[in-house]
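Please open the model in your viewer and keep the selection tool at hand. The tour below moves from the whole chain to its sheets and then to the ligand.

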Amino acid sequence: MTERRLPEGLRPETLAVREAVARSQWGEHSEALYLTSSFVQSDSESAARRFANEEPGYTYTRSANPTVASFERRLAALEGTECAVATSTGMSAILLMALTVLQSGDHVVASQSMFGSTLKLLGSEMTRFGVETTFVSQTDVQAWKDAIRPNTRLLFAETPTNPLTDLCDIAALAALAHERGILLAVDNSFSSPVLQRPAQLGADIVVYSGTKILEGQGRVMAGAVCGTEALVDKVMGTFMRSAGLNLSPFNAWVVLKGLETLALRVRAQSAAALELAQWLQQHPRVARVHYPGLASHPQHALAMRQQSGMGGAVVAFDVAGGDAAERRANAFHVIDRTRVCSITANLGDVKTTITHPASTSHGRLSEEQRQAAGIGQGLVRLSVGLEHIEDLKADLARGLDTLA
Ligand SMILES: *Cc1c(COP(=O)(O)O)cnc(C)c1O
């Protein structure tokens, strides 16, 4: 079938549903799912050329797969980067970056409030390979600057952070990194390209857990690294063919279709999160609400500038109470009285999730570490989905209005 090529300059909403549709000879309207581990070659000569990379064409899914390639091209188009490489999970995206950008003797400066497994990967696993990481306060650009050493190769930020929604100033960190010839990577899993496109603000590498809001419906795990052709395609792509951190074609297809509704979901979830945050803020049993969309957030101005005027889907709040034990009991009461929200740690889903960070995602920290991180026993985290806002308020009111 002859393809009518897309015109240049299309906007993100159009790219999200139109970019990288590679139709087969059958002319299917929806993207085909190429669920195959290998590809048949027409003859030995052409097989030899393809395996030698002298001729384009698919050979084996660990090297490349059309469905995975569609996801990579569409994500890169939305992110505004030259290319993207898909990985099996968010953690394998971060591992891919670490194993290709870093080598023994290198030093990394990273935010101390990154995703728990990222802290573990950089803070302990990678030390066995001679890579050292200094963790700093994500909000304090001077702390990042002070931590830089002559062998620092990478700054790695995640913004906003989970669960307290602290921000990193991406443009400021990019300027700091580039003054010294250091790379800046940003984990954009929370925000998606709808809220912020870190590469447009100067980041060299954007990493994703596609499991979260990109996929949006809690079905599959996925990850990706976005950046330049020289780094992502040539260096990481080549490494991938040997390392096998690949995304399965089925999962790629699910996330690819998730990208089609991404902008609608992010805007609706962000608007609902703002309304819920405002409602929580005036509730007498809520001590404090953490949400970048609220004027009371310490980095509200930066958030509005950096995140397209939106706060995102994640809202955290401290339930009031006397001592730590009472605040914990109160938080549990609020969580356990919900009947609509799912009690689970996942986020970005169209179903609202509710969790108690101090006893789950941050349960392995010592009480002092938790206090330093600002994660109290009364803290509850919501990732707001697409339910009707009044049903969500009623779900939270059921517990908040019945506290002793
Ligand atoms: C979930 C998450 C990850 C890890 O992604 P997986 O897909 O679970 O491996 C990394 N970074 C952030 C910010 C996340 O929320």
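Of the 404 residues of the protein, what percentage count as buried? The share is 46%, where a residue is buried if 20 or more other C-beta atoms, placed from the backbone, lie within 10 Å of its own, exposed if 12 or fewer do, and partly exposed in between.

Before selecting anything, note that this is a predicted model, in which local features need pLDDT of at least 70 and side-chain atom pairs count only at pLDDT 80 or more, while totals for chains, interfaces and linings use all residues. Residues are numbered from 1 along each chain as its sequence is written.

**The whole chain**

Show the C-alpha trace first, which spans about 80 × 50 × 35 Å along the principal axes of the protein. The radius of gyration is 22 Å, and this agrees with a compact globule because 404 residues would then give a value near 22 Å; the radius is taken over C-alpha atoms, and the globule rule is 2.2 Å times the number of residues to the power 0.38. Of the contacts with a separation of 6 or more, 71% are between residues 24 or more positions apart, a contact being two residues whose C-beta atoms, placed from the backbone, lie within 7 Å. Switching to a cartoon view brings up 15 helices and 12 strands, which are DSSP runs numbered from the N terminus (H or I over at least four residues for helices, E over at least two for strands).

**The sheet of 7 strands**

Select next the open sheet of 7 strands, whose order is β1-β7-β6-β5-β4-β2-β3 with mixed pairing; two strands pair if DSSP finds at least two bridges between them. Its edge strands are β1 (83-87) and β3 (132-136), each of which pairs on one side only. From one strand to the next the twist averages 20 degrees, with axes fitted as lines to C-alpha atoms (for helices over the stretch in contact) and angles between N-to-C directions running from 0 to 180 degrees.

Helix α9 (residues 229-243) packs on this sheet, where it touches β1 and β7 (223-227), and its direction makes about 30 degrees with that of β1.

Now colour β7 alone, in which 5 of 5 residues are buried: G223, V225 and G227 lie on one side, with A224 and C226 on the other. β7 is joined to β1 by 5 bridges in the antiparallel sense, and C83 has G227 as its bridge partner. Between β6 and β7 there are 4 bridges, again antiparallel, with S209 partnered by G223. Strands β5 (residues 183-187) and β6 (residues 205-209), by contrast, pair in the parallel sense over 3 bridges, and V186 stands opposite V206.

**The sheet of 5 strands**

Move on to the open sheet of 5 strands, which has the order β8-β9-β12-β11-β10 and mixed pairing. β8 (286-290) and β10 (342-343) are the edge strands, each pairing on one side only. Helix α11 (residues 262-281) packs on the sheet and touches β8 and β9 (314-319), its direction making about 155 degrees with that of β8. At the β10 edge, 2 bridges link β10 in parallel to β11 (residues 353-355), and I343 has I354 as its bridge partner.

**The ligand**

Which residues come nearest to the ligand? Of the 15 around it, they are T89, G90, F115, S209 and T211, a residue being near if its C-beta atom, placed from the backbone, lies within 6 Å. Helices α4 (90-101) and α5 (116-123) are the elements that give two or more residues to this shell.
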